[in-house]
Amino acid sequence: QVQLVESGGGLVQAGGSLRLSCAASGRTFSDVGWFRQTPGKEREFVAAIRRSGERTYYVYYADSVKGRFTISRDNAKNTVYLQMNSLKPDDTAVYYCAADPGLSTATMTAANEYDYWGQGTQVTVSS
């Protein structure tokens, strides 16, 4: 059974940092993304990482988080991380990890293209 489990969310002051983790079990994935959602809004793309071959990775970021967030992965642990620095109150949301065995570059940012989802972790940034 495939499972994605997020952790690392919490309450932080503006300007602070958090690191989210997404641990996968049941299989490995080439494509893993982070999305976030606030009440009444659609799920929003945050970042994604694609493994291409043994040592090649491609990363993608939403404009709103470029330069502040970093996505990375530890294949030995089957875990993807989202390091979030310089957090702002607008970053407050439930953050979801999503995974798929193979997406095109054009669909890496599209939530409806991912087959597997975690349960979400709350990130709250106070001003």
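1. The largest cavity in this structure encloses about 70 Å³ of space. The model is a predicted one. In total, the structure holds one cavity of 30 Å³ or more.

2. Which residues line the largest cavity? They are Leu4, Cys22, Ala24, Phe29, Val32, Arg73, Asn78, Thr79, Val80 and Ala99. Strand 3 and strand 8 are the elements that give two or more residues to this lining. Sorted by class, the lining has seven nonpolar residues, two polar residues and one charged residue.

3. Asparagine 78, one of the lining residues, deserves separate mention. Its place is in the loop that runs between strand 7 (69-74) and strand 8 (79-84). A polar atom of the asparagine 78 side chain lies 3.0 Å from the backbone oxygen of arginine 27. Setting aside residues up to four places away in sequence, asparagine 78 touches Cys22, Ala23, Ala24, Ser25, Arg27 and Thr28.

4. Serine 30 is placed in the loop between strand 3 and strand 4. Is this residue buried or exposed? Serine 30 is buried, because its relative accessible area is 15%, and the cut-off for a buried residue is under 20%. The side chain of serine 30 reaches the backbone oxygen of proline 101 at 2.8 Å. Beyond its neighbours within four places in sequence, serine 30 is in contact with Ile49, Arg50, Arg51, Arg73, Asp100, Pro101 and Gly102. Of these contacts, Arg73 is also named in the cavity lining.

5. The largest nonpolar core has 34 residues. Those with the most contacts inside this core are Trp34, Val46, Phe69, Leu82, Met84 and Tyr95. Two or more residues come from each of strand 3 (18-25), strand 4 (31-37), strand 5 (44-52), strand 7, strand 8, strand 9 (93-100) and strand 11 (121-126).

6. Valine 46 illustrates the contacts of one such core residue. Not counting residues up to four places away in sequence, valine 46 touches Trp34, Phe35, Arg36, Tyr60, Tyr61, Ala62, Val65, Phe69, Leu82 and Tyr95.

7. Glutamine 37 belongs to strand 4. With a relative accessibility of 24%, glutamine 37 counts as partly exposed. A polar atom of its side chain lies 3.0 Å from the backbone oxygen of lysine 41. Leaving aside neighbours within four places in sequence, glutamine 37 is in contact with Glu42, Arg43, Ala93, Val94 and Tyr96. How far apart in space are glutamine 37 and tyrosine 60? The C-alpha to C-alpha distance is 18 Å, and the two residues are 23 residues apart in sequence.

Terms used: Residues are numbered from 1 along each chain as its sequence is written. This is a predicted model: local features need pLDDT of at least 70, side-chain atom pairs count only at pLDDT 80 or more; totals for chains, interfaces and linings use all residues. Side-chain values use heavy atoms; hydrogens and water are left out. Helices (H or I, at least four residues) and strands (E, at least two) are DSSP runs, numbered from the N terminus. A polar contact is a pair of N or O atoms within 3.5 Å; within protein, one must be able to donate a hydrogen and the other to accept it, and residues adjacent in sequence count only if both atoms are side-chain atoms. Contact means heavy atoms within 4.5 Å. A nonpolar core is a set of buried Ala, Val, Leu, Ile, Met, Phe, Trp, Tyr and Cys residues joined through side-chain atoms within 4.5 Å. Buried means under 20% relative accessible area, exposed over 50%, partly exposed in between (1.4 Å probe, protein chains only). On a 1 Å grid over the protein atoms alone, a cavity is a set of points where a 1.4 Å probe fits but cannot get out, and a pocket is an open set with protein on both sides within 12 Å along at least five of seven lines; lining residues have an atom within 4 Å of a point. Grid points are joined across faces, edges and corners, and a volume is the space filled by probe spheres set on the points. Ala, Val, Leu, Ile, Met, Phe, Trp, Tyr, Cys and Pro count as nonpolar, Asp, Glu, Lys and Arg as charged, and the others, Gly among them, as polar.
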